[in-house]
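Hi,

Here is the model I promised to pass along. Have a look at it first, and then read on for what turned up.

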Amino acid sequence: MESIKVGLLGLGVVGGGTWKVLARNAREIARRAGRHIEVSRVAVRDVAKARKLLGPDVAVCADPFEVVRDPSINIVVELIGGDMLARELVLEAIAQGKHVVTANKALLAKHGNEIFAAASARGVMVAFEAAVAGGIPIIKAIREGLTANRIEWVAGIINGTTNFILSEMRSRGLPFATVLAEAQRLGYAEADPTFDIEGIDAAHKLTLMASIAFGIPVQFDRAYIEGISKLAAEDIKLAERLGYRIKLLGITKRRPEGIELRVHPALVPTRSLLANVEGAMNAVLVRGDAVGQTLYYGKGAGEEPTASSVVADLVDVTRLLTADPESRVPHLAFQPDAMDDTPILPIDDVVTSYYLRFSVADQPGVLADVTRALANGGISIGSMIQQPTDSADTAELIFLTHEAVERNVNEAIAKIEALPFVHSRVTRIRMENLA
Ligand code: NDP
Ligand code: HSE
């Protein structure tokens, strides 16, 4: 049978990995796909460098639109990144009747609704396994493996760079900047590393998982996002003493009032599975009503792990090429005319537990006033410690609360900060027991 012709846009970390895996495992992949998958055209900026890697049989150019518009190409693989040019390229590929594989979560989190609608109208597939958690087949797991379930929540470590930074800071005491530079050298970090550090990359991925878990449109602009840049080393150490580790989590949860969609640092119990996901590894916990909790763990970034998902999508698309469009797995797991309009809840309505740390004058009546402020907000205290500071008349208080509504916690924090004997702002970190 004639081979499937792939046009590869980008030959960087993921594009290079995709080329290598396709070449190394060509025979095995063809046995699985039923046809040989051949990269026949590549677009990059540095054409000479790409030619050296690819050899004489692959046509290389600097204009990705040439590849997208080439009638001989069956599948366009977008591995350029960004959401401007990539959007134009993907929409043009769809308009040309080509199937698309992409690892670009930024693109789909922002323009997914438009892209999936265009693809459905044109009867082509847009596959994006590599866009979420790199090499972990989490899209397929939620969309297909767990399709019998009503998904209750998804929570995960879905950014390798920040997990690497938090792990190295905690275990080796290395400074933030040193670890970030190492993550960039290893190819984990995004072109703009603030996407990683500020939680944006994790929110892109979480937004996509929320859509396929709950059958809602892609709504990145409704996600609550808080990164790790404001975390103090002191809180990482204190968390450890209290039996917790701080992880940057992406959490999406179905509640009767709506859907929580949030990325932020969170204390998780040291004995929990997620707390023990270290380095650049990713892990996603999914709770379905039938199956209970399932855990998916693996490399969430890097050359070949990400290529593993890109190539899996290529094989899927190749296998499904001849199926009629109505019989294919829907892009967002649910049929396009069966999407829900359940609202995404504002962060004020989120319910979780909290770690609160602040310093106070060490004098009678202080604890009574602080606990009253919490009690008036209906916030129940799980545990509390008081520790001395360098100053003899100042103490530091740390509270771990039971579950409470975020709005009430914010109001209580404002009241605590207004008390005359409170000497600092309140550091507030959410806690997740993941039970
Ligand atoms: P890189 O920066 O390593 O590679 C980008 C590639 O795109 C380069 O080959 C570059 O060409 C090419 N390129 C950029 N602009 C143009 C243009 N205007 N015309 C033609 N070619 C262009 O990125 P990554 O491989 O790291 O990331 C690619 C995508 O995969 C992104 O969407 C990213 O978010 C996603 N991703 C990345 C992961 C990772 O571990 N790195 C993991 C999961 C997803 P040249 O080399 O000539 O400059
Ligand atoms: N920058 C991302 C990370 C790459 O660190 O996880 C994978 O999407």
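Let me start with the walls of the largest pocket. Six helices come up there, each giving at least two residues to the lining: helix 1 (13-24), helix 3 (47-54), helix 6 (105-122), helix 8 (160-172), helix 10 (194-197) and helix 11 (200-214). Please keep in mind that this is a predicted model.

In total, 47 residues line the largest pocket, and those nearest its centre are V13, L79, I80, G81 and A191. Sorted by class, the lining has 20 nonpolar, 16 polar and 11 charged residues. The volume of the largest pocket comes to about 1300 Å³.

What sits in the largest pocket? Ligand 1 does. The ligand is surrounded by 23 residues, with L11, V14, D46, E190 and G302 the closest. By class, this shell is made up of 12 nonpolar, seven polar and four charged residues.

Some of those closest residues also make polar contacts with ligand 1:

- L11: a polar backbone atom lies 2.8 Å from an oxygen atom of ligand 1.
- V14: here too the backbone is involved, with an N or O atom 2.8 Å from an oxygen atom of ligand 1.
- E190: the side chain takes part, placing a polar atom 2.8 Å from an oxygen atom of ligand 1.

As for how covered the ligand is, ligand 1 taken alone exposes 900 Å², and the protein buries 82% of that.

Happy to go through any of this with you over coffee.

Best wishes

Terms used. Residues numbered from 1 in each chain as written. Chains lettered and ligands numbered in written order. Predicted model: local features only at pLDDT ≥ 70, side-chain atom pairs only at ≥ 80, totals over all residues. Heavy atoms only, no water. Near = heavy atom within 4 Å. Polar contact = N/O pair within 3.5 Å; in protein donor to acceptor, adjacent residues only side chain to side chain. Areas by Shrake-Rupley, 256 points an atom, 1.4 Å probe, with all protein chains shown as cover. 1 Å grid on protein atoms, 1.4 Å probe; cavity = no way out; pocket = protein on both sides within 12 Å on 5 of 7 lines; lining within 4 Å. Sits in = over half its atoms within 2 Å of the grid points. Nonpolar A, V, L, I, M, F, W, Y, C, P; charged D, E, K, R; others polar. Points joined across faces, edges and corners; volume = space filled by probe spheres on them. Helix = DSSP H or I, 4+ residues; strand = E, 2+ residues; numbered from the N terminus.
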